[in-house]
Amino acid sequence: MFMPGVASATSSSAGTTTSSSSAINPSPTTNSAQNFTSAQSALETQIQDRISKLEGLSSKIASSTTLTPTDRTTLSALVGSSSTGDLGTLNATLTKVQSDTTMAELKADRTAVIPDLRVYVVVAPVVNITVTADKITYINSLITSIEPNVSTVVTDNGNSATDTTAYNQIQTNVTAITSSITNIDSELGSLTPSAFNANPTGIHSQVLSMWQSVKNDWATLKQDHQDIKTITGIA
């Protein structure tokens, strides 16, 4: 590391020591400017990356056909647009960063971008889990709606042990999925930037647990599909 104003070089061949600070070391002003420019560029990249992430999440929200109206409104407000929500904050902060002149300003802007928003560790999981959970709920409701028809087929088939067991399992699964999604929905409200900042390990574990529940619910839906196929013979 070069220390401006405090440097010397020793010539082994001549056996003499000569000052070389002015020749090889940048001035304090130049060094500070280089550090600032580097920090400014890095923060601009971080902001652009988060803008891209949120734009992707916005597209996912818009394209979902199974989001409930309430969840769509909530997620859309969270992610925002060019001038609202988290996207609005990021766009405004990017403009400010580009005109910043001090490290203190960059530090404040970084806080507005990372700990205040937590795009990757909070917003993205909230959107992705909500979209997936609503899709599971939608499919589960379809299964619920055809349960009477499936029950009729079981009866028409003579109430065989195989059909009866499969039908009972479908009913059990519908109830279990409903309960699971209810729990997930209640937990989503606790996923906030402030909660993550206070307990990052705990929130990370909570998100992983919620994803595991979602994964289990998908597996249960697949089993329901197989059981319905077994009973009705319809894929």
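Two residues are taken here to be in contact when heavy atoms of each lie within 4.5 Å. On this basis, in the predicted model, residues 24 or more positions apart account for 68% of the contacts in the protein chain that have a separation of 6 or more. The chain comprises nine helices and two strands, and along the sequence these elements follow the order β-β-α-α-α-α-α-α-α-α-α. Of its 235 residues, 33% count as buried.

The packing of helix 3 against helix 6 was examined next. The axes of helix 3 (residues 69-79) and helix 6 approach to within 11 Å and cross at roughly 160°, which makes helix 3 roughly antiparallel to helix 6, since an angle over 145 degrees is counted in that class. The crossing of these two helices is left-handed. On the side of helix 3 the contact involves D71, L75, L78 and V79, and these residues meet V123, V126, V127, T130, V131 and D134 of helix 6. The residues of this contact between helix 3 and helix 6 divide into seven nonpolar, one polar and two charged.

Within helix 6, which spans residues 119-156, T130 was considered in detail. This residue has a relative accessible area of 5% and is therefore buried, the cut-off for that class being under 20%. The side chain of T130 reaches the backbone oxygen of V126 at a distance of 2.6 Å, and V126 is itself among the helix 6 residues that meet helix 3. When neighbours within four places in sequence are set aside, T130 is in contact with L67, D71, L75, P125 and L188; of these partners, D71 and L75 belong to the helix 3 side of the contact between helix 3 and helix 6.

A second buried position was examined in helix 2 (residues 28-63), where Q40 is located. With a relative accessible area of 13%, Q40 is likewise classed as buried. Q40 touches V97, Q98, S99, D100 and L106, residues up to four places away in sequence not being counted. The relation of Q40 to M103 also links distant parts of the sequence, as the two residues are 63 residues apart in sequence while their C-alpha atoms are 8.5 Å apart in space.

Definitions and conventions. Residues numbered from 1 in each chain as written. Predicted model: local features only at pLDDT ≥ 70, side-chain atom pairs only at ≥ 80, totals over all residues. Heavy atoms only, no water. Helix = DSSP H or I, 4+ residues; strand = E, 2+ residues; numbered from the N terminus. Buried < 20%, exposed > 50% of the residue type's maximum accessible area, 1.4 Å probe, protein only. Polar contact = N/O pair within 3.5 Å; in protein donor to acceptor, adjacent residues only side chain to side chain. Axes fitted to C-alpha atoms, helices over the stretch in contact; angles between N-to-C directions. Parallel < 35°, antiparallel > 145°, perpendicular 65-115°, else oblique. Left-handed = near helix turned anticlockwise from the far one by under 90°. Nonpolar A, V, L, I, M, F, W, Y, C, P; charged D, E, K, R; others polar.
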